[in-house]
Structures are given as structure tokens and as C-alpha cells.
Amino acid sequence: MQTHWWRDAAIYQIYVRSFADSNGDGEGDLNGIRENLPALAELGVDAIWLTPFYVSPLADGGYDVADYRDVDPRFGTLEDFDALLASAHELGLRVIIDVVPNHSSSAHEWFREAVAAEPGSPARARYIFRDGKGPDGQEPPNNWQSIFGGPAWTRLKRPDGTPEQWYLHLFDSEQPDFDWTNPEVHEEFDGVLRFWLDRGVDGFRIDVAHGMVKEQSLPDIVEGTEAGMLDGSNVLPYFDQDGVHEIYRRWRSLADSYDGDRALVAEAWVEDSSRIARYLRPDELHQAFNFEYLTAPWEAGRLREVIDSSLAANGAVGATTTWVLSNHDVTRHVTRFGGGEQGLRRAHAATLLMLALPGSVYLYQGEELGLPEVVDLPEDALQDPTWLRSGGTDRGRDGCRVPLPWKRDGASFGFCPENARPWLPVPESWGELSREAQRGTEGSTLELYTRALRLRRELDALGDGSMTWLSAPTGVLFFEREPGIGCAVNLTGETVELPASGEVLISSGPVTADGKNLSLPSDTAVWLRA
Ligand code: GLC
């Protein structure tokens with residue numbers, strides 16, 4: 001049966017700035033990606049997702065877009081983009097790109113116009129400008145806090161220094177929020193989507209998909225309930241409002257009007273899987289990142305609970321479930337799982353678990369190399385706005401954005417041409433983690449990913465479909481995808497014996513099996529075929 005490509009795809013996230021630098025300016029670029037596409041095809045992924053490469057001052061790594069229809073010169077040109085897309089398609093790789101609709105950069109033409117215009121003017125109505133409260137409007141219009149720290153409002157000054165209105169920015173002050181009650185904003189984004197769909201992209205990852213619509217009266221929030229970056233656990237007047245769903249219905253019909261099989265995926269940090277499923281109703285988006293899964297601890301009970309609730313909630317609206325362990329906003333999972341040898345062992349097991357689950361998976365560049373979080377970047381190298389906005393108390397997300405090591409040797413381990421300096425320093429120990437060092441090396445993380453992705457493609461049982469839990473001791477996850485194809489993961493802390501007949505297809509560490517019983521060490525996963 002012909003199925004939608006995204007329902008079981010392995011999608012590899014490329015953080016463009018840190019993937020591969022072809023021109024020696026220290027930052028990754030589109031040509032660097034194109035040159036290395038064969039490595040991704042060899043890894044065995046089905047698609048790539050590119051983080052923003054649009055014209056941007058990079059106040060938030062490109063999530064502050066100044067021109068949605070052009071490539072930042074640091075990353076290349078539109079021609080480079082077209083060439084990358086064509087090469088990816090030739091290799092059978094789909095390409096999805098980021099769209100950032102909650103806010104623009106303050107360098108966007110619209111925002112410049114708004115600043116120059118009068119309060120109450122049409123130019124201001126594209127963003128959320130309000131008068132301040134208190135004497136002379138000195139206080140912000142409400143008590144909302146920026147997700148990066150500090151107030152979510154910044155006050156404008158006239159050229160002569162007289163203060164005037166405030167504007168809302170849920171993120172950095174260089175990221176003013178659009179006003180999605182304004183039809184012009186809808187039309188503008190229809191145009192942006194069309195621009196890239198016409199060029200041939202296979203879909204979009206929608207940034208802050210739960211944030212575009214604010215409760216109309218902009219009410220104060222209860223002190224202490226403000227959302228952190230990853231915190232969807234509160235019902236807030238600026239997240240997960242019903243109005244966002246109208247936007248997605250419109251976007252879905254726009255995407256459906258194109259040929260091919262274009263996918264829309266939501267980045268929505270909302271309360272739980274039932275709220276997420278509302279974005280995935282048949283006339284809305286196709287997929288959403290499963291952040292409940294990403295944030296689950298390495299604990300069998302909780303993982304099983306999230307797996308069950310995700311599959312049930314998504315299944316109820318006919319959507320596929322996605323699985324993800326890392327991205328450019330969170331601490332890399334090797335480190336989250338304890339770091340060092342234990343963290344890596346768990347990461348390997350977690351990968352086999354994730355790749356055996358029904359649905360599709362999102363992989364973040366570098367996880368196939370087992371990269372840990374870089375926790376000791378020098379303070380003067382930090383660029384995440386969180387660092388400054390938190391007054392130097394939160395180091396932010398740069399530690400998961402360190403450039404990739406490609407070669408065993410060289411100053412940046414092959415990320416940049418020799419003599420160029422990467423935008424963030426690459427740890428000296430990363431030569432051993434480089435693709436060159438791991439490729440073809442038995443027991444390496446890269447080999448595990450390559451073999452597992454190949455098997456996942458070959459075995460019809462994996463990818464889209466259903467699963468059945470099998471009986472197993474507490475602390476062990478054991479399930480079948482179809483009779484005879486199973487996966488077991490041991491999170492007990494001790495070796496367990498399982499009555500499991502059949503052949504070991506792949507394991508994340510050494511196991512002993514005699515065809516009837518399986519001896520599975522702690523923090524190890526295995527795929528079996530009866
Ligand atoms: C999303 C992005 C994050 C960015 C934020 C603001 O959460 O993943 O990197 O900082 O949106 O655009």
C-alpha cells in the first residue's frame with residue numbers, strides 16, 4: 001500500500017550553522033550540506049530538516065528572520081538552496097525547512113516600518129504594540145516574561161529619546177511577535193509558504209506552533225506560572241490557544257493544493273499528548289514533535305506510559321506518532337542520560353528503542369556520533385540570547401550546537417577548511433568521535449545508527465503500524481511489532497534473563513542468546529526475529 005512518506009520516515013535535523021562550513025567563515029552553510037549529503041544517504045535517513053537559513057542578524061541563531069524569502073549570505077544564496085534541494089532529491093532525501101511565524105526579526109522591513117510609524121497605524125497593527133501602564137506608560141502592558149528571561153515587552157523610544165509604546169516579544173527583544181488577528185499577517189505567511197513550496201520543498205517544521213495566537217485581552221498571568229523554553233505544562237494566555245487551529249486548517253489546505261506529499265510538523269510544547277493531538281486532526285498538521293517522549297527520564301514505567309499515551313492520542317485522530325531524543329534546544333541525550341560511558345550505553349539502547357517504535361523519528365545532527373553536550377564552552381563564546389537575558393545564570397543552548405567533527409585531525413576536525421575558526425570551539429577530544437573515526441568501526445555509535453536504520457527500512461514490521469507489549473520483568477520494555485519481530489530494553493540496572501527465542505538482529509551492546517533465552521545486560525536493547 002502506498003503510504004505517506006512522513007508516516008515512518010527517519011528525519012535528520014540539520015542545524016545549518018554547525019553542520020559543515022564550505023567557505024571558511026567559521027559557520028556552516030548550504031553548500032557544506034550539499035557536499036555532505038552522501039554521508040546522510042549512507043547513514044540511511046529518509047529526509048532532512050534544515051533549521052532557518054534565511055536573512056537574519058542571528059540574534060537567536062536564525063530564529064529571528066529578517067527576510068523569509070531569501071538566504072542569509074553567511075549560509076549561501078537561493079541558487080545554493082535550489083542546488084541543495086535538487087541534490088537531496090536525487091539521493092532520495094526529502095527536505096523540510098523551518099518556518100518561523102510567531103515573530104520576525106526586529107530587522108524585518110515590517111518591523112522597521114512599524115517603529116517609524118505612529119501608534120494605531122496599519123504598520124504597527126502587524127505586531128503587538130500597546131501603551132504602557134502606570135504614570136506616563138512606564139510599566140509594561142502586562143506581566144508576561146520572555147522565555148529567554150526578563151520582561152516580554154520592550155519600550156520604543158522616539159529618535160529624540162522620548163519613550164512611547166511597548167511591543168511584545170515572547171522571546172528576545174529582537175524577535176517581535178506578529179499579531180495573528182491581522183489578516184495581512186495570514187496573507188504574508190501564505191505567500192512565504194508558497195514561495196518555498198513552489199521551489200519544491202517537501203514540508204515545513206513550524207516554529208513555536210502553539211504560540212501565534214494570544215488571548216485577546218492580554219491578561220496578566222499568575223506570578224510564577226510563566227513558561228520556560230520547554231515547559232508546556234501551564235495553560236497560559238499566549239500558548240495553545242484555540243485560534244491557532246484555524247491557522248493550521250488554512251495552511252493544510254494550502255499544502256494540499258500542491259502536488260507531491262508535503263508535510264507539516266509542529267513544534268508545540270503543550271501540556272500533554274491529548275493537547276498535541278488537537279494539532280493533528282485530519283484537516284490540520286501531519287505531525288508534531290513528541291516532547292513528552294524527549295523529556296521522559298530513562299525509566300521503564302514512564303517511557304511505557306508516554307509510548308502508550310502518545311500512540312493512543314495520535315491514533316485517535318489518525319495521525320502518526322513521532323519520537324525524538326534530542327534537538328538544538330535541549331541538552332544532548334548522552335549527557336541527559338548520565339554522561340560518560342553510562343550515558344552513551346543508555347543512548348545506544350534508547351536509539352534502538354526509538355527506532356523500533358511505530359511511527360517516525362527525528363534525529364538531531366551529531367547524535368549518530370554519540371556527541372555529548374559541551375558543558376564548558378568559554379563564557380565569551382556563548383551566543384544564545386538566554387545567556388545575556390538571564391543575567392549570566394543560564395548558559396543556554398550553545399552546548400548542543402557545537403560544530404560537527406568530520407575528520408580525526410585538524411583544528412576544527414574537518415568542520416571548516418583548515419585555518420578557519422569555527423563559530424564555537426570544538427572540543428579537543430572530538431577527533432575520536434568524528435565521522436571519519438567511527439565509519440566502519442565495529443561498536444561505534446555511527447555503525448549502530450547505520451545498521452539500525454538499514455534494518456528498519458528492510459523490515460516491513462518496523463516504521464508505521466502498531467505494537468503489542470509482551471510480558472517482562474519490571475524495568476524491562478519488551479514488545480512485538482508483528483508476530484516474531486520484537487524489541488527488548490533493559491532499564492533495571494542488572495542483567496535480566498528473558499525467554500526470547502529467535503535470532504538477535506541487532507543489539508546496542510553485548511548480549512548472549514541461545515535461541516531460547518536471552519541474557520540482556522542493563523541499559524541494553526536488542527531487536528529479535530523469531
Ligand atoms: C523554537 C526554536 C528555538 C527558538 C525559539 C524562538 O523553540 O526551536 O531554537 O529559540 O523557537 O524562535
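How far is an oxygen atom of the ligand from an N or O atom in the side chain of arginine 397? The answer is 2.9 Å. Keep in mind that this is a predicted model. Below is a quick tour of the ligand's surroundings, followed by three helix pairs, two of which involve H5.

**Around the ligand**

- The ligand sits among 15 residues, and the closest ones are Asp60, Asp207, Glu267, Asp329 and Arg397.
- Arginine 205 puts a polar side-chain atom 2.9 Å from a ligand oxygen atom.
- Histidine 328 also has a polar side-chain atom 2.9 Å from an oxygen atom of the ligand.

**H5 with H6**

- Helix H5 covers residues 183-199 and helix H6 covers residues 244-256; their axes come within 11 Å and cross at roughly 30°.
- Angles under 35 degrees count as roughly parallel, so H5 runs roughly parallel to H6.
- The crossing of H5 past H6 is right-handed.
- On the H5 side, the contact uses His186, Glu187, Phe189, Asp190, Leu193, Arg194 and Leu197.
- On the H6 side, you'll find Ile247, Arg250, Trp251, Leu254 and Ala255.
- Sorted by class, this H5 and H6 contact comes out at 7 nonpolar, 1 polar and 4 charged residues.

**H3 with H5**

- H5 also packs with helix H3 (residues 78-90): the two axes come within 10 Å, crossing at roughly 55°.
- That angle makes H3 and H5 oblique to each other.
- Here Leu78, Phe81, Asp82 and Leu85 of H3 meet Phe195, Trp196 and Arg199 of H5.
- The tally for the H3 and H5 contact is 5 nonpolar, no polar and 2 charged residues.

**H11 with H14**

- Further along the chain, helix H11 (residues 340-356) packs with helix H14 (residues 445-458) at an angle of about 10°, and their axes are 10 Å apart.
- With that angle, H11 and H14 are roughly parallel to each other.
- H11 brings Leu344, His348, Thr351, Leu352 and Leu355 to the contact.
- H14 answers with Thr445, Leu448, Tyr449, Ala452, Leu453 and Arg456.
- Broken down by class, the H11 and H14 contact holds 7 nonpolar, 3 polar and 1 charged residues.

Note on methods
Residues are numbered from 1 along each chain as its sequence is written. This is a predicted model: local features need pLDDT of at least 70, side-chain atom pairs count only at pLDDT 80 or more; totals for chains, interfaces and linings use all residues. Side-chain values use heavy atoms; hydrogens and water are left out. Axes are lines fitted to C-alpha atoms, for helices over the stretch in contact, and angles run from 0 to 180 degrees between N-to-C directions. Helices (H or I, at least four residues) and strands (E, at least two) are DSSP runs, numbered from the N terminus. Angles under 35 degrees count as roughly parallel, over 145 as roughly antiparallel, 65 to 115 as roughly perpendicular and the rest as oblique. A crossing is left-handed if the near helix is turned anticlockwise from the far one by less than a right angle, and right-handed if clockwise. Contact means heavy atoms within 4.5 Å. Ala, Val, Leu, Ile, Met, Phe, Trp, Tyr, Cys and Pro count as nonpolar, Asp, Glu, Lys and Arg as charged, and the others, Gly among them, as polar. A residue is near a molecule or strand if one of its heavy atoms lies within 4 Å of it. A polar contact is a pair of N or O atoms within 3.5 Å; within protein, one must be able to donate a hydrogen and the other to accept it, and residues adjacent in sequence count only if both atoms are side-chain atoms.
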